[in-house]
There are 2 protein chains.
Amino acid sequence: MNTPANRQIILAERPRYIVPTASIFKLGSAPMPQIEEGQVLLRTLWLAMESTLYARVQRVTAIQRDPIKLKDAMVGSAVGRVVESKHPRFKVGDLASGLWNWADFAAVKGERLRNLDFGPQKPSYALGPYGLPGFAAYIALDTLAPPQAGETVVVGTALGSLGHLAGQIAKLKGCRVVGIAGSAERCQLAVEKAGFDVCVNREAEDFEAQLKAACGKGVDVYVETLGGRALDAVVPLMNTGARIAAVGQMATPHFGEALARGRTQNTMNFMSEIIARRLSVRGLVASDHVQGRVKVFHQQMKAWLDEGRIKPMEDVVAGLENAPDAFQGVFEGRNRGTRLVKVAD
Amino acid sequence: MNTPANRQIILAERPRYIVPTASIFKLGSAPMPQIEEGQVLLRTLWLAMESTLYARVQRVTAIQRDPIKLKDAMVGSAVGRVVESKHPRFKVGDLASGLWNWADFAAVKGERLRNLDFGPQKPSYALGPYGLPGFAAYIALDTLAPPQAGETVVVGTALGSLGHLAGQIAKLKGCRVVGIAGSAERCQLAVEKAGFDVCVNREAEDFEAQLKAACGKGVDVYVETLGGRALDAVVPLMNTGARIAAVGQMATPHFGEALARGRTQNTMNFMSEIIARRLSVRGLVASDHVQGRVKVFHQQMKAWLDEGRIKPMEDVVAGLENAPDAFQGVFEGRNRGTRLVKVAD
């Protein structure tokens, strides 16, 4: 008897262009994984199309962690149902989240999985509000760049997986929240669906003037996910002692935006501004903070979701075979909230 | 009877070149100032040649505060003796420090002066260890970028007014302290006189390699006063969670160093490093922190000086008329410690 096949998305080549296109992946097939002692076999239900996965497919750089080898399966955050278990913490039928192959089934060490027995409102929320996007938004605004009530918070990618949650968390903290997004339509959604007070289109010719008008009292906190023209526009508006949580750089050349020639685009000018405005700039990698913080975060997020005070936006694409296109779309600014691939019910 | 004349240094023109040359100043004369109620007449004893004064003479920029008008007297940190007082907190013979004209005599509001009745070991110390350079070094290493014992601290301008004190404070905190200076001779002085464990010449062809060798365990804290090639060399050595106190940019083009084309010289790359290395970068303007902190700092610095644990380096130039040359020298890296002009005994 043949082992049943397990469909998976393979990294076929490194990105040829700056944006990682769908063509770097191929749909492949592998034998069904067999689990060893301590492992769990999972039926993949959901995959998160995270922009940070770019670092795993690109050519090796100084800051790259765990690059994926060519011909190997792509790996990312996922939610699945346990179909077989050799780990005491998991039984068949349990929901779990973790990092595993973009595949129908995966064998994962139980110790590297999170049991979703805390009662998430939806299993997919483990990849959004309860996942790294929600946790990063929480840490950014709780620890790295905490705002006071009444302050103005700018969020770089208002409809991003992290951004749309950061905006809502900042609203809960009593702030005026200004989003930045890549089109007028996306700006409208950010206001209507994600509760931003105002959202400014960074593709508009008068983006800088619009942003200035939207931040009448200056900017106190910037959740920086863009770089480029957006950073350039925000810094001159920052108040003395303002804080930047540096989370990503979605508007850098890999995103197709030419490097701006503005005032903060060389480090000399940026450092001048950091000194003159007494800025604090802190780099965030959310996984650093999980230890010791994640329980309180869970309780807080669960309460916010139960009370309807945070409304996650999920942007669902159906079918494992469509993951490559869904991933490319994130880098083209096509996602509206957390982009997920639904692999199975 | 004529009022006696008061010599003063006038700002005759804005800098024509990137480095502020002595030629922008002229020695002039004004009537002896008459004091009003609440004012004090001071005989200037010491003037501090601070690089930050550059912001007051250059053309108006976004970050400039209180520019000095052409034909007005230059203003800077000074120590003087009270020769006449219409302020209750000062009597004739008292020593005071504050910000006043580069002139033999100055009329200053008493409320803007500091009475040096706390017993500084030398009056000039009010401009070095007890002044903004010492206070900035203290705040940088106490609040903005605090090191732990055993960590590696890099100080950008090892023989600078702030740098030579920052190095000694970091040593007192039990750190390995690596300086950066502009010549082999200055590096030698930094080790012999200011107690740096090692000091690297940023003009050396293999500066980057030398710095790397000097920081075998990576860099945990960087007191950043340079920008340019130095920042470029330090950032790749920074450990996860390292801290930068951004204090100045002495190696930027106004200092004659061409803008490097290295990895951190555009903000996009710098932000990548900030995220990947989870850096904290905080801008320091020491005067922000005076309120509430200065008393504890005073006591601490007084004890360190009394115990001989901090040895200030003073670089004295005699004569008010020589202030312009002495000032230019700071931007040419000629000072060894705090550069002071001695105006009177």
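## Two domains in chain A, an enclosed helix in chain B

Domain 1 of chain A and domain 2 of chain A bury about 1400 Å² between them, with 57% of that area on carbon and sulfur atoms; buried area here is the accessible area (1.4 Å probe) that two parts lose on being put together, summed over both. This is a predicted model, in which local features need pLDDT of at least 70 and side-chain atom pairs count only at pLDDT 80 or more, while totals for chains, interfaces and linings use all residues. Residues are numbered from 1 along each chain as its sequence is written, chains are lettered from A and ligands numbered from 1 in the order in which they are written, and side-chain values use heavy atoms, with hydrogens and water left out.

### The domains of chain A

Domain 1 covers 5-128 + 313-342, and domain 2 covers 132-286, with bounds that come from an automatic or database domain assignment. The contact (heavy atoms within 4.5 Å) draws 16 residues from domain 1 of chain A and 16 residues from domain 2 of chain A. Their C-alpha centres are 28 Å apart.

One salt bridge is found across this interface, the term meaning a side-chain nitrogen of Lys or Arg within 4 Å of a carboxyl oxygen of Asp or Glu. On the domain 1 side that touches domain 2, the residues comprise seven nonpolar, six polar and three charged.

As for salt bridges in chain A, the side chains of A:Arg336 and A:Glu185 form one at 2.2 Å, N to O.

### Helix H9 of chain B

Let's turn to chain B, where helices (H or I, at least four residues) and strands (E, at least two) are DSSP runs, numbered from the N terminus. Helix H9 (residues 323-331) is largely enclosed by the rest of the structure, because eight of its nine residues are buried; buried means under 20% relative accessible area, exposed over 50%, and partly exposed in between (1.4 Å probe, protein chains only). Among the buried residues of H9(B) are B:Phe327, B:Val330 and B:Phe331. Its buried residues pack against strands S1 (5-11), S2 (25-31), S14 (314-318) and S15 (338-342) and helix H1 (54-57) of chain B. Just after H9(B), B:Gly333 has a positive phi of about 70°.

Two further buried residues of chain B sit in elements that H9(B) packs against:

| Residue | Element of chain B | Relative accessible area |
|---|---|---|
| B:Arg56 | helix H1 | 16% |
| B:Gln8 | strand S1 | 12% |

B:Gln8 touches residues including B:Leu27, B:Trp102 and B:Leu320. B:Arg56 and B:Gly160 are 104 residues apart in sequence and 20 Å apart in space, C-alpha to C-alpha.

Methods
Nonpolar A, V, L, I, M, F, W, Y, C, P; charged D, E, K, R; others polar. Lists of a residue's contacts leave out its neighbours within four places in sequence.
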